[in-house]
Structures are given as structure tokens and as C-alpha cells.
Amino acid sequence: MIASTINPVDVKTRTPDTPQQVGRFPTVLGWDLAGIVITAPEDSGWSPGDRVIAMHPPQPDGSGNWQQYAAIPAAVLAPAPESVDLPTAATLPLAALTADQALQRLDLKDGERLLITGAAGGVGGMAVQLAAHAGITAAGLVSRPKHEAAVLELGAASAHSNPTSVSAFDAIFDTAGVLDHPHLLREGGRLVTVSDDTIPETLEQRAVIAVHNYVQHDSQRLRELSALVDSSKLALRVAEQYPLARIEQAHRRAEAGGLLGKVVLTT
Ligand SMILES: NC(=O)c1ccc[n+]([C@@H]2O[C@H](COP(=O)([O-])OP(=O)(O)OC[C@H]3O[C@@H](n4cnc5c(N)ncnc54)[C@H](OP(=O)(O)O)[C@@H]3O)[C@@H](O)[C@H]2O)c1
């Protein structure tokens, strides 16, 4: 690995009493990966020196990405974007695939209005950009007024920090666990959430679809997302960068929140 990031799932996995728990110790965490191929089978399509990215979760045998060398199945690799360095490229895989797959599931039609909660965050920020790229009119809900401008810059049609002042949408992509404001979804609307929170009954009754979505491997789509970065249609945001040796400070920074971009780890 040359670089990885800290995702909320990493913080949850090392925190007791969360749904995401370590299967065995010792264990290495990390889902995002950007690196350089050192060795690969001849028929894998990859060669030493290739710059690659992957979404690759911690494995049952305790191996993971937050180490200098990682063994990754060739099938989950995609080319790293050529226009950014590898620490920046590491911010792409998990957040972009999560956002992309949730938007696919919402299947927005022409003229429908989408609300993205947590729009300044890792997944939300990708969703805002991918929605804009697909011609979807998306509003962003953020946690603090000072993040509204950043979300507009990513391509949101509007940005809001007060959920009570926003009217109903055709669809919601929830990344922040903002599920206690049923008025945000119109009757017969659609909700996809990637938060761990239970969807309240009031919202379920209102919606025609109200589901949790879980990110899946898709190296072909990751390749396309990487190309979107190179064509300047998807911006990658690094908030802070730490060497692995300062992993504790990196976790503290990621947990504190309020970031406009990801916390990146480098070897
Ligand atoms: N199911 C899956 O497959 C999957 C995949 C990836 C991620 N996830 C989950 O999705 C969630 C988001 O991930 P992420 O990487 O985007 O995290 P993130 O970068 O921390 O972004 C979350 C964003 O939500 C904002 N926020 C918090 N409370 C809010 C509120 N009440 N209203 C509006 N915005 C609010 C945060 O703002 P502040 O920082 O200012 O508080 C932050 O900008 C996490 O729970 C993660 O575990 C699930």
C-alpha cells in the first residue's frame, strides 16, 4: 500500500459494541487502497509498476490494507486515476462505489428531486458530484452552515443545514442517519440509507421503498469512476494526510468530524 484512508467503518470496527467488529486478533484494518503492483500473475492483466486502487475490506485471516505490503485479489483492482497522486486516489474507492450504487438503486427519473444527507461527507460529497454528472437535481443537507458553500461547489442545486426548513423530496440518499424528519420525503417517495440506523416506521409507511444499501465490489465501475476523475468530472478531496506511524492522531481527527474531505494514511 502507498495510501489508504480512514472511513467511518474503520472507526466503528475498532470501537466496542458496534455492529462492525473485528473477527480475530491480531488484525489490520482499512478498506481503501492505492498502491503500486509489485508482483502479479502473468494472466492477471496487471504488471509490476502499475498504479492501482481497490476497495478491499479487512479479511477474516486478519490481513488488511493498513500495511506496507498487501496481497489483493487481481479482480478487485482498477487503474488509479492518472491525474492525481496515490494518496489522493485512495479517497476514491469506498466512498465513490457506495454513492454510485445507492444512486443506481434510487433510479431517479427526469425531473425528480433528490436530497442527499451528509452531503459534505465522504460518501455524500461523491453522491452530489455523481448526481450532478447524471443530470439529477440534488439538494445537500449538511451538519453546519459553513459547509453549504462546499456542497454547492460540488454541484448541488441547493444546500441546507436546517432540515426543518426544507420541503419534501421525491427521493433521499441518507449518509448521515438523518431519519427522524419524515417530512423530508414525499408520500410514495424512495429512501436509500447507508447509515447503521434503523429506519423509523413513520418513514417506512410514507415511502414506497425505504432500504439500507451495502456497498459491493465492482472493479469495472471503479475503473469508470477513476476515468471520471481523469476527465475532471469527479473531484477527490483530501482533508488531512498522516503517515501510518501517526495512526492514532489520524483516527482522532477523523472521529472529530467537521471535515471537507478524507483523512488519508500513507506508508
Ligand atoms: N452501507 C455501506 O455500504 C456503507 C458504505 C460506506 C459508508 N457507510 C456509512 O455511511 C456513513 C457516512 O460515511 P462517510 O464516509 O460519508 O462519512 P463522513 O465522511 O464522516 O460523512 C458524514 C457526513 O455527515 C455529516 N452529518 C452528520 N450529522 C448530520 C446531520 N444531522 N445532518 C447533516 N449532515 C450530518 C457529517 O458532518 P460533520 O462531520 O460536520 O458531523 C459529515 O459531513 C457512515 O455511517 C458510514 O459507516 C456505509
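Reader: When is a residue buried in this predicted model?
Author: The model is predicted. Burial is judged by counting other C-beta atoms within 10 Å of a residue's own, these atoms being placed from the backbone. A residue is buried if the count is 20 or more.

Reader: By that count, is α4 largely enclosed or largely open, and how many of its residues are buried?
Author: Helix α4 covers residues 122-133. Among its buried residues are G122, M126 and L130. The helix is largely enclosed by the rest of the structure, because the number of its 12 residues that are buried is 10.

Reader: Which elements cover the buried residues of α4?
Author: The cover includes two helices, α3 (93-106) and α5 (148-154). It also includes the strands β5 (113-117), β6 (137-141), β8 (169-174) and β12 (262-266).

Reader: What is the distance between the end C-alpha atoms of α4, given its expected span?
Author: At 1.5 Å a residue, the 12 residues of α4 should span 16 Å. The distance between the end C-alpha atoms agrees with this, at 17 Å.

Reader: Which elements give two or more residues to the shell around the ligand?
Author: The ligand is surrounded by 28 residues, and the closest are G118, G121, G122, V123 and G257. The elements that supply two or more are α1 (8-13), α3 and α4.

Reader: How many residues of the shell around the ligand are charged?
Author: Domain 1 (3-92 + 236-266) and domain 2 (94-212) each contribute at least three residues to this shell. By class, the shell has 14 nonpolar and 13 polar residues, and the number charged is 1.

Methods: Residues are numbered from 1 along each chain as its sequence is written. This is a predicted model: local features need pLDDT of at least 70, side-chain atom pairs count only at pLDDT 80 or more; totals for chains, interfaces and linings use all residues. Helices (H or I, at least four residues) and strands (E, at least two) are DSSP runs, numbered from the N terminus. The expected span of a helix is 1.5 Å times one less than its number of residues. Two residues are in contact if their C-beta atoms, placed from the backbone, lie within 7 Å. A residue is near a molecule or strand if its C-beta atom, placed from the backbone, lies within 6 Å of it. Ala, Val, Leu, Ile, Met, Phe, Trp, Tyr, Cys and Pro count as nonpolar, Asp, Glu, Lys and Arg as charged, and the others, Gly among them, as polar. Domain bounds come from an automatic or database domain assignment.
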